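Here are a few short exercises to work through with the model open beside you. Try each one before reading its solution.

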Amino acid sequence: MAQPKVIATVRSAGPIGDIEVNVSTNRVYFVNPDTEAGTIGVLDGITNRIIARINVGRLPTQLGINPQTNRIYVTNFRDDTVSVINGRTNQAIKTVKVGRMPDNIGVNVRKNLIYVTSIAGIIFVIDGKTNQIKTKIEVGGRPSRIVINELTNRIYVTNTIKNSVSVINGNTQAIIATIKVGNNPVIPPALNVITGRIYVANNLSRFLSVINGRNNKLLQNVQLGRLQSEVVINPLTNRIYVSSAQVEGKGKLFVINGSNNKIITTKVLPTSSNITINPNTNHLFVGNFDKNHMSVYNATTFKRLVRFPLVSGSTVLNPVTNRVYVGGNDSITVIQDVSELIF
């Protein structure tokens with residue numbers, strides 16, 4: 001029986017922030033946040049070596065990638081800008097001035113539009129062809145996390161002050177619905193591209209909000225009895241995994257059936273953890289911040305397959321190569337994930 005295994009540990013200068021992968025070029029981009037001189041590192045997914053470091057603005061926060069155009073976008077929180085990087089040359093080719101303190105970003109690959117949230121209550125839409133602001137969408141409050149359904153061309157943006165989700169028409173850039181959810185939806189939502197449902201974890205409410213993407217209405221609030229910290233989904237099995245917020249003591253993992261939104265089971269989580277799932281292998285990766293290790297489970301049976309001693313932080317999957325990249329304090333761990341049965 002094959003198991004996931006660590007195939008490389010790549011040293012980096014300083015802690016790893018957001019980490020994203022370009023599946024077309026098999027390159028991994030990661031943030032080295034620094035208030036004075038932020039940089040973006042580039043990791044070659046074939047050699048597992050850092051091949052470039054790109055200077056961007058102060059306090060880079062989040063990355064967005066368009067694999068079709070090979071452009072990488074990064075929000076610079078302290079500079080009020082977005083840096084545009086050419087993935088072929090590994091050079092920053094444009095700096096786009098946006099609103100005050102931009103942090104989160106989403107890329108509509110099909111339309112080549114980039115959505116950026118600002119603390120000023122505005123969503124900036126950047127045209128990927130011209131690298132200029134196409135329009136501004138005023139939502140008020142504090143727009144936060146972005147999830148994009150490219151099949152329906154709808155953009156969903158959580159608002160942590162209004163406790164809502166704004167639904168944007170990707171053709172007109174108009175707000176077509178505002179959906180009330182729980183308190184402080186600061187957690188990245190999960191989209192099931194097969195069912196079109198959006199799962200919004202509410203950091204300060206004891207329920208998970210489920211949005212029907214077909215009519216853009218609240219379908220249901222799933223009562224969990226716990227606050228939430230993360231939500232991930234396997235669209236192939238239609239299972240949703242929600243972790244509880246852990247401050248003291250053990251946390252919980254809730255497994256939800258996406259067909260009826262009922263809790264299938266609950267499991268115990270470490271005090272401080274993060275979760276990632278590989279839909280291809282149905283493996284659930286659970287990082288433990290306090291103990292500095294990561295465990296891999298069969299997401300159906302919850303049998304633990306292996307545990308790696310590593311510092312667990314931001315994590316991203318390359319679904320083409322089945323490699324998982326885990327950012328740490330000064331390194332990136334590369335895990336080769338494999339199916340449990342080899343025929």
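**Exercise 1: A core and one of its members**

Val-242 touches Leu-208, Leu-224, Gln-228, Glu-230, Val-231, Lys-252, Leu-253, Phe-254 and Ile-256, leaving out residues up to four places away in sequence. Keep in mind that this is a predicted model.

Task: Find which residues of the largest nonpolar core touch the most other members.

Solution:
- Start with the core itself, which has 14 residues.
- Those touching the most other members are Tyr-199, Leu-208, Leu-224, Val-231, Ile-240, Val-242 and Ile-256.
- Now look at the strands: at least two core residues come from each of β19 (197-201), β20 (207-212), β22 (228-234), β23 (239-244) and β24 (251-257).
- Another core, of 13 residues, lies apart from this one, and its members include Val-98, Val-109, Val-116 and Phe-124.

**Exercise 2: Two residues to place**

Task: Decide whether Ile-146 is buried or exposed, and do likewise for Leu-191.

Solution:
- Buried means under 20% relative accessible area.
- Ile-146 has a relative accessible area of 16%, so it is buried.
- Leu-191, at 15%, is therefore buried too.
- Next, locate them: Ile-146 sits in strand β14 (residues 143-149), and Leu-191 in strand β18 (residues 190-191).
- Then list partners, setting aside neighbours within four places in sequence: Ile-146 is in contact with residues including Asn-104, Tyr-115, Val-116 and Tyr-156.
- With residues up to four places away left out, Leu-191 touches Val-147, Ile-148, Asn-149, Gly-196, Arg-197, Ile-198 and Ile-233.
- Finally, check a distance: Asn-104 is 42 residues from Ile-146 along the chain, and their C-alpha atoms are separated by 7.1 Å.

**Exercise 3: The whole protein**

Task: Work out how many helices and strands the protein has, and why it counts as being as compact as a globular protein of that length.

Solution:
- The protein has zero helices and 32 strands.
- Its radius of gyration is 19 Å, close to the 20 Å from the globule rule for 343 residues, so the protein is as compact as a globular protein of that length.
- Along the principal axes, the C-alpha atoms fill a box of roughly 50 × 45 × 40 Å.
- Of the 343 residues, 58% count as buried.
- Among contacts with a separation of 6 or more, 39% are between residues 24 or more positions apart.
- For the charges, there are 37 positive and 17 negative side chains, with the centres of the two sets 8 Å apart.

How values were computed: Residues are numbered from 1 along each chain as its sequence is written. This is a predicted model: local features need pLDDT of at least 70, side-chain atom pairs count only at pLDDT 80 or more; totals for chains, interfaces and linings use all residues. Side-chain values use heavy atoms; hydrogens and water are left out. A nonpolar core is a set of buried Ala, Val, Leu, Ile, Met, Phe, Trp, Tyr and Cys residues joined through side-chain atoms within 4.5 Å. Buried means under 20% relative accessible area, exposed over 50%, partly exposed in between (1.4 Å probe, protein chains only). Helices (H or I, at least four residues) and strands (E, at least two) are DSSP runs, numbered from the N terminus. Contact means heavy atoms within 4.5 Å. The radius of gyration is taken over C-alpha atoms; the globule rule is 2.2 Å times the number of residues to the power 0.38. Lys and Arg count as positive and Asp and Glu as negative; His and the chain ends are not counted. The place of a charge is taken as NZ of Lys, CZ of Arg, CG of Asp or CD of Glu.
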